[in-house]
Amino acid sequence: MTETGFWTHPLVESAGYFSVVVMCLIVAMVIFEMVTKYNNWEQIKKGNLAVAMATGGKIFGVTNIFRFSIEQHNSLFEMVAWGLYGFTLLIFAYILFEFLTPKFKVDDEIERDNRSVGFISLTISVGLSFVIGASIQ
């Protein structure tokens with residue numbers, strides 16, 4: 001197999017996309033950890049279902065955006081660039097969600113295991129990931 005043929009083989013391309021998206025997901029989760037007031041993984045370890053739902057929604061949202069990015073772009077660089085742009089929009093949506101709920105603090109409610117707020121956070125992340133993903137051209 002030629003060098004070009006090896007790198008364009010579907011199995012190699014799939015492994016490459018998978019590896020890069022996992023690395024981007026790790027970076028995204030570190031950024032989300034910095035944005036939230038609570039420690040996601042410590043709260044999940046304690047059994048905080050609201051944090052687990054919110055975190056799961058973020059994981060699904062990020063990976064769903066990258067799914068759309070993989071489908072729409074032919075190069076790894078374009079896929080990463082558009083995926084990170086979509087992730088930035090998802091972060092913005094999270095901040096907007098906090099801003100648009102002046103009656104309570106989203107982070108405080110999720111940290112208190114308010115499952116209703118955790119579920120809404122999950123739904124916003126998942127729902128907007130489809131809108132963001134579809135808009136990636």
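1. A good place to start is helix H5: the cover over the buried residues of H5 includes H2, H4, H6 and H7. Here contact means heavy atoms within 4.5 Å, and buried means under 20% relative accessible area, with exposed over 50% and partly exposed in between (1.4 Å probe, protein chains only). Helices (H or I, at least four residues) and strands (E, at least two) are DSSP runs, numbered from the N terminus. The buried residues of H5 are Met79, Val80, Gly83, Gly86, Phe87, Leu90, Ile91, Ala93, Tyr94, Phe97 and Glu98.

2. A word on the model before going further. This is a predicted model, in which local features need pLDDT of at least 70 and side-chain atom pairs count only at pLDDT 80 or more, while totals for chains, interfaces and linings use all residues. Residues are numbered from 1 along each chain as its sequence is written, and side-chain values use heavy atoms, with hydrogens and water left out.

3. Now the overall picture. The protein has seven helices and zero strands, so DSSP runs give the pattern α-α-α-α-α-α-α along the sequence. Its C-alpha atoms fill a box of roughly 60 × 30 × 20 Å along the principal axes. Of the 137 residues, 39% are buried. Among contacts with a separation of 6 or more, 69% join residues 24 or more positions apart.

4. Two helix lengths can be checked against the expected span, defined as 1.5 Å times one less than the number of residues. For H5, with 24 residues, the expected span is 34 Å, and the end C-alpha atoms are 34 Å apart, which agrees. For H2, with 26 residues, 38 Å is expected and the end C-alpha atoms are 37 Å apart, again in agreement. The buried residues in H2 are Val12, Tyr17, Val21, Cys24, Leu25, Ala28, Met29, Phe32 and Glu33.

5. Next, the core. A nonpolar core is a set of buried Ala, Val, Leu, Ile, Met, Phe, Trp, Tyr and Cys residues joined through side-chain atoms within 4.5 Å. The largest one has 26 residues, and Phe32, Val62 and Ile110 touch the most other members. At least two core residues come from each of H2 (10-35), H4 (49-72), H5 (76-99), H6 (106-111) and H7 (115-135). Setting aside residues up to four places away in sequence, Val62 touches Leu25, Ala28, Phe32, Phe87 and Leu90. In soluble globular proteins, nonpolar side chains tend to be buried together.

6. How do H4 and H7 pack? Their axes come within 7 Å and cross at roughly 5°, which makes H4 roughly parallel to H7. Axes here are lines fitted to C-alpha atoms, for helices over the stretch in contact, and angles run from 0 to 180 degrees between N-to-C directions. Angles under 35 degrees count as roughly parallel, over 145 as roughly antiparallel, 65 to 115 as roughly perpendicular and the rest as oblique. By class, this contact has 13 nonpolar, eight polar and three charged residues. For those classes, Ala, Val, Leu, Ile, Met, Phe, Trp, Tyr, Cys and Pro count as nonpolar, Asp, Glu, Lys and Arg as charged, and the others, Gly among them, as polar. Residues on the H4 side include Gly57, Phe60 and Phe68, and those on the H7 side include Phe119, Ser125 and Ile132.

7. Gly86 deserves a look of its own. Gly86 lies in H5 and is buried, at 0% relative accessible area. Leaving aside neighbours within four places in sequence, Gly86 is in contact with Ile65 and Ile132. Gly86 and Val62 are 24 residues apart in sequence, with their C-alpha atoms 8.0 Å apart.

8. Helix H3 (residues 40-45) holds Trp41, and Gln43 sits in H3 too. Trp41 is partly exposed, at 46%, whereas Gln43 is buried, at 11% relative accessibility. Beyond neighbours within four places in sequence, Trp41 is in contact with Met29, Glu33, Thr55 and Ile59. With the neighbours within four places left aside, Gln43 is in contact with Tyr38, Asn48, Val51 and Glu111.

9. Finally, a backbone detail to inspect: which loop holds Asp113? Asp113 is found in the loop between H6 and H7 and is partly exposed, at 24% relative accessibility. Phi of Asp113 is near 70°, a positive value in a residue other than glycine. Most residues other than glycine have a negative phi.
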